[in-house]
Amino acid sequence: MQQALSVKTVGNATSLFLAISFVLCVGLSLVYPKHLMGPALQMWLPGFVWLTGPSFLLGLIESYAYGWFIAVLWVPLYSWFARRPAREHPLDSHAATLGALKQ
């Protein structure tokens with residue numbers, strides 16, 4: 001039997017992933033200004049302005065919060081679908097019939 005997913009584990013992992021991605025986007029935009037990510041970050045992170053200290057901190061917090069938002073929705077949905085009994089797909093039986101006919 002599968003171990004159930006933990007909202008806490010998925011929340012922390014997803015949040016950390018998004019926070020690291022945010023830092024990498026900002027860092028790479030500073031190294032390669034031609035490929036500035038500022039407009040995209042401003043669109044996805046309310047209140048984020050390119051680039052001030054408080055705004056960077058806000059973007060980092062919002063990125064982490066988005067990870068928890070995803071986990072709080074995704075883990076219960078995953079758990080619900082994982083608990084449902086597996087049903088055979090109608091095309092699976094059709095494919096089996098075709099395979100038997102070819103022999």
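A nonpolar surface patch here joins residues with over 30% relative accessible area and no salt bridge, with nonpolar side chains (Val, Leu, Ile, Met, Phe, Trp, Tyr) linked within 5 Å. A salt bridge is a side-chain nitrogen of Lys or Arg within 4 Å of a carboxyl oxygen of Asp or Glu. Accessible areas come from the Shrake-Rupley method with a 1.4 Å probe, and for residues only the protein chains shown count as cover.

The model is predicted: local features need pLDDT of at least 70, side-chain atom pairs count only at pLDDT 80 or more, and totals for chains, interfaces and linings use all residues. Residues are numbered from 1 along each chain as its sequence is written, and side-chain values use heavy atoms, with hydrogens and water left out.

**Exercise 1. Describe the overall fold.**

Step 1. Count the elements. The chain has four helices and zero strands. Helices (H or I, at least four residues) and strands (E, at least two) are DSSP runs, numbered from the N terminus.

Step 2. Read along the sequence. The pattern is α-α-α-α.

Step 3. Check the burial. Of the 103 residues in the chain, 19% count as buried. Buried means under 20% relative accessible area, exposed means over 50%, and partly exposed lies in between (1.4 Å probe, protein chains only).

Step 4. Check the surface. The accessible surface of the chain is about 8000 Å², and 71% of that belongs to carbon and sulfur atoms.

Step 5. Check the contacts (heavy atoms within 4.5 Å). Among contacts in the chain with a separation of 6 or more, 55% come from residues 24 or more positions apart.

**Exercise 2. Test the lengths of H1 and H3, then find their packing partners.**

Step 1. Set the rule. The expected span of a helix is 1.5 Å times one less than its number of residues.

Step 2. Apply it to H1. This helix has 25 residues and reaches 36 Å from its first C-alpha to its last, close to the 36 Å expected.

Step 3. Apply it to H3. Its 31 residues should span 45 Å, and the end C-alpha atoms are 45 Å apart, so the two values agree.

Step 4. List the buried positions. In H1 they include Val10, Gly11, Thr14 and Ser15. In H3 they include Ser55, Gly59, Glu62 and Ser63.

Step 5. Find the partners. The buried residues of H1 pack against H2 and H3. Those of H3 pack against H1.

Step 6. Take one pair of positions. Thr9 lies in helix H1. Thr9 counts as exposed because its relative accessibility is 53%. The C-alpha atoms of Thr9 and Ala71 are separated by 8.8 Å, although these residues are 62 residues apart along the chain.

**Exercise 3. Locate the nonpolar patch and classify three of its members.**

Step 1. Name the members. Leu5, Tyr66, Phe69, Ile70, Leu73, Trp74 and Tyr78 make a patch of about 670 Å².

Step 2. Place Tyr66. This residue lies in helix H3 (residues 53-83). Its relative accessibility is 36%, so Tyr66 counts as partly exposed.

Step 3. Place Trp74 and Tyr78. Both lie in helix H3, four residues apart, about one turn of the helix.

Step 4. Classify them. Trp74 is partly exposed because its relative accessibility is 43%. Tyr78 is partly exposed because its value is 35%.

**Exercise 4. Work through the aromatic pairs.**

Step 1. Set the rule. Rings of Phe, Tyr and Trp (its six-membered ring) pair if their centres lie within 6.5 Å; planes under 30 degrees apart count as stacked, over 60 as edge-to-face and the rest as tilted.

Step 2. Count. The structure holds five aromatic pairs.

Step 3. Take Phe22 and Phe48. Their ring centres are 5.7 Å apart and their planes stand at 85 degrees, so this pair is edge-to-face.

Step 4. Place both. Phe22 is in helix H1 (residues 7-31) and Phe48 in the loop between helix H2 (38-44) and H3, so the pair ties together parts 26 residues apart in sequence. Phe22 and Phe48 are both buried.

Step 5. Take Trp74 and Tyr78. This aromatic pair is stacked, at 5.2 Å centre to centre and 25 degrees between the planes.

Step 6. Find the cluster. Phe22, Phe48, Trp50 and Phe56 form one aromatic cluster.

**Exercise 5. Compare the surroundings of Leu41 and Ser29.**

Step 1. Start with Leu41. This residue is in helix H2. Leu41 is buried because its relative accessible area is 11%.

Step 2. List its contacts. Leaving out residues up to four places away in sequence, Leu41 touches Phe22, Cys25, Val26, Phe48 and Trp50.

Step 3. Move to Ser29. This residue lies in helix H1. Its relative accessibility is 2%, so Ser29 counts as buried.

Step 4. List its contacts. With residues up to four places away in sequence not counted, Ser29 touches His35, Leu36, Met37 and Trp50.

Technical notes: Patches are made of residues with over 30% relative accessible area and no salt bridge: like charges are joined within 9 Å, nonpolar side chains (Val, Leu, Ile, Met, Phe, Trp, Tyr) within 5 Å.
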